[in-house]
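I set out to record what could be looked up in this structure, beginning with the whole and ending with single contacts. The entries follow in the order in which I made them.

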Amino acid sequence: MDDLIKGLNPKQREAVTAGDGPVLVVAGPGSGKTRVLTHRIAYLTLDRGITPRQIMAVTFTNKAAAEMRERVERLRGGHLDGLSIGTFHAICARLLRMEADFTPYTREFLIYDTDDQQSLMKQILQEVNLNERQFSPGRVLGAISALKNELIAPDDYQPHDYFGEIVARVYPVYQKALRDNNALDFDDLLMQTVLLLREHQGVRERYQARYVHVLIDEFQDTNTAQYELVRLIGAPQNNIFVVGDEDQGIYAFRGADYRNVLQFRKDYPQAQVVVLEQNYRSTQLILDAARAVIDKNQHRTPKALFTDRAGGALVTIYQAYNDVEEGDFVAGQIARMRQREGLKWSDFAVMYRTNAQSQPMEAAFVRAGIPYRLIGGVGFYKRREVRDLMAYLRLIHNPNDSVSFNRVVNVPGRGIGTKSLEQFNAWLNRDRLTLAEGLDAVANGTAAFTLSGKAGKGLQDFAVLLRDVRALAEAGNDLT
Ligand SMILES: Nc1ncnc2c1ncn2[C@@H]1O[C@H](COP(=O)(O)OP(=O)(O)O)[C@@H](O)[C@H]1O
Ligand SMILES: [Mg+2]
């Protein structure tokens with residue numbers, strides 16, 4: 001216990017050792033919020049007789065979850081078997097698989113990412129005769145995502161304008177297509193979990209009983225669906241420990257809403273509130289500059305950040321003419337400071353708001369001969385060949401996955417054009433066959449349907465390939 005709270009300031013200690021009931025910890029960045037959450041998990045398991053299995057801890061990224069688990073294990077000395085720690089999406093995905101019997105999906109459901117969603121939406125817009133140039137798949141998907149984050153199901157949606165009516169038309173079709181493909185999109189993971197818990201009292205009570213303590217990091221970035229999930233699982237004991245920063249509500253585009261912090265105070269008026277004011281990351285000059293901006297926000301808990309780290313470099317604002325000049329300015333500053341102050345390249349970090357902005361910045365670094373490492377960015381799983389291979393694997397796993405089917409049916413080229421695919425789909429509809437059934441029939445030569453020429457042979461080869469590989473996979477064989 002002493003070890004555990006050593007290295008915490010008095011306010012942090014108060015938060016870590018708070019009693020049962022709701023607790024709200026608010027503070028600016030670098031004030032030790034995540035540290036408090038980590039110590040709280042260790043404290044609950046070491047000093048309060050709570051087992052790791054009884055704790056659900058939510059972080060904002062998978063990486064943060066892994067780090068937090070490791071830190072708690074180091075603090076406690078020992079493994080955390082049964083602890084549920086991860087992002088909302090990861091925790092919901094696991095829960096939905098475990099409780100698949102109570103959902104419209106099977107345990108093997110797929111999770112569609114943005115590209116999968118786009119392909120599916122393109123198919124749907126065609127089906128319902130909407131011009132995708134007029135209503136871009138991205139825009140329609142964005143609207144549906146916003147509805148899901150607000151927990152508005154297709155039946156509950158009341159459109160207010162013309163675009164809304166389009167969305168109201170497409171949303172149920174999209175939702176049905178996902179179900180037919182045994183797939184969920186990211187927002188579904190949350191919404192379907194909330195629906196499951198709302199509708200099935202038995203399931204709800206099981207999780208409420210299991211999770212005696214619920215802890216949330218970066219609470220200011222939660223959306224309505226996530227907040228509802230916390231409320232549901234946290235009840236009835238309401239041992240809900242949230243850590244957040246009202247000044248960091250940067251994810252508004254995902255439906256995140258820092259006003260959840262205010263809502264929390266309204267929903268749990270008895271909540272203990274702890275404000276952390278000491279900052280461990282920045283110098284006073286930086287804190288003052290940040291505060292001068294943030295003070296304009298009227299919906300925040302007043303807090304005056306302070307640090308022991310006086311002085312420091314002044315904050316500079318530079319308004320560039322365009323992105324190219326911006327890149328050159330940043331590259332120039334880095335090269336100069338490195339020389340003048342004897343710094344290493346790894347002493348510098350450049351942040352930007354959207355991924356698209358990395359391009360001019362990278363170009364400037366290349367021009368200036370500055371080595372750099374891109375964090376995040378368009379990752380491995382976004383590369384075309386990787387996505388193709390994933391689509392094959394998914395199709396083997398779930399032969400009804402029409403999005404993956406469309407992606408790879410002609411990769412490598414098998415002479416199966418759009419017309420042939422239309423005929424194939426028309427046949428499936430006419431004979432009321434699922435994609436899996438249709439492909440099986442084609443593979444086995446029992447289909448009451450053929451394509452002529454190259455396309456016919458191509459489709460059959462493809463179907464046979466899928467059938468054979470699936471048989472191998474089911475037998476538990478290695479594919480090599
Ligand atoms: N009481 C403390 N004493 C020393 N360092 C601390 C203390 N609290 C936090 N820190 C350090 O400050 C940094 C920021 O902490 P973190 O928990 O990530 O803050 P936040 O989540 O509020 O941004 C970390 O490097 C952490 O180890
Ligand atoms: Mg943090």
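The notes below cover the overall build, the strands, the salt bridges and a few single residues.

**Entry 1. Overall build**

I first noted that this is a predicted model. I looked up the secondary structure and found 20 helices and 8 strands. For the extent of the protein, I recorded that its C-alpha atoms fill a box of roughly 80 × 60 × 55 Å, taken along the principal axes. The protein has 480 residues, and 44% of them count as buried.

I then turned to the domains. Domain 1 consists of two segments, 2–93 and 191–294. Domain 2 spans 110–181, domain 3 spans 323–368 and domain 4 spans 383–474. Taken over C-alpha atoms, the centres of domain 1 and domain 4 are 46 Å apart.

**Entry 2. Strand E1 and its partners**

I asked how many residues of strand E1 are buried. In this strand, residues 23–27, I found 5 of 5 buried. Both faces are covered: Val-23, Val-25 and Ala-27 lie on one side, with Leu-24 and Val-26 on the other.

I next looked up the partners of E1. With E7, E1 pairs in the parallel sense over 4 bridges, and Val-25 has Val-243 in E7 as its bridge partner. With strand E8, residues 272–276, E1 also pairs in the parallel sense, over 5 bridges. There, Ala-27 stands opposite Leu-276.

**Entry 3. Strand E6 and its partners**

I went on to strand E6, residues 213–216. His-213 and Leu-215 point one way and Val-214 and Ile-216 the other, and I noted all of them as buried. Strand E2, residues 55–58, runs parallel to E6 and is joined to it by 4 bridges. Within this pairing I found Ile-55 opposite His-213.

E6 also pairs with strand E7, residues 240–244, in the parallel sense over 3 bridges. Here Leu-215 stands opposite Phe-241. I followed the chain from E6 to E7 and saw that it passes through helix H11, residues 224–234, in a right-handed β-α-β crossover.

**Entry 4. Salt bridges**

Side chains of opposite charge can pair when their charged atoms come close. I therefore looked for such pairs, and the structure holds 20 salt bridges.

I began with Asp-116 and Arg-394, whose side chains meet in a salt bridge at 3.1 Å, N to O. Asp-116 lies in helix H6 (residues 114–127) and Arg-394 in helix H16, so this pair ties together parts that are 278 residues apart in sequence. I recorded both Asp-116 and Arg-394 as buried. The two also belong to a network of salt bridges that links Asp-113, Asp-115, Asp-116, Arg-387, Arg-394 and Asp-401.

A further salt bridge joins the side chains of Lys-148 and Asp-185 at 2.8 Å, N to O. Because Lys-148 lies in helix H7 (residues 137–149) and Asp-185 in strand E5 (residues 183–185), the pair ties together parts that are 37 residues apart in sequence. Are these two residues buried or exposed? Lys-148 has 0% relative accessibility and so counts as buried. Asp-185 is buried as well, with a relative accessible area of 1%.

I then looked up Lys-176 and Asp-180, whose side chains meet in a salt bridge at 2.8 Å, N to O. Both residues lie in helix H8 (residues 162–180), 4 residues apart, which is about one turn of the helix. Lys-176 is partly exposed, with a relative accessible area of 45%. Asp-180 is likewise partly exposed, with a relative accessible area of 46%.

**Entry 5. Ala-391**

I returned to helix H16, residues 384–397, for Ala-391. With a relative accessibility of 4%, under the 20% limit, Ala-391 counts as buried. I also looked up its separation from Ala-100: the two are 291 residues apart in sequence, and their C-alpha atoms are 23 Å apart in space.

**Entry 6. A nonpolar surface patch**

Which residues make the nonpolar surface patch of about 320 Å²? I found Ile-286, Val-315 and Ile-317. Val-315 lies in the loop between helix H13 (284–294) and helix H14 (323–341). Its relative accessible area is 49%, so I entered Val-315 as partly exposed.

Note on methods. Residues are numbered from 1 along each chain as its sequence is written. Chains are lettered from A and ligands numbered from 1 in the order in which they are written. This is a predicted model: local features need pLDDT of at least 70, side-chain atom pairs count only at pLDDT 80 or more; totals for chains, interfaces and linings use all residues. Side-chain values use heavy atoms; hydrogens and water are left out. Patches are made of residues with over 30% relative accessible area and no salt bridge: like charges are joined within 9 Å, nonpolar side chains (Val, Leu, Ile, Met, Phe, Trp, Tyr) within 5 Å. Accessible areas come from the Shrake-Rupley method with a 1.4 Å probe; for residues, only the protein chains shown count as cover. A salt bridge is a side-chain nitrogen of Lys or Arg within 4 Å of a carboxyl oxygen of Asp or Glu. Helices (H or I, at least four residues) and strands (E, at least two) are DSSP runs, numbered from the N terminus. Buried means under 20% relative accessible area, exposed over 50%, partly exposed in between (1.4 Å probe, protein chains only). Two strands pair if DSSP finds at least two bridges between them. A crossover is right-handed if, with the strands pointing away from the viewer, the path from the first strand over the helix to the second runs clockwise. Domain bounds come from an automatic or database domain assignment.
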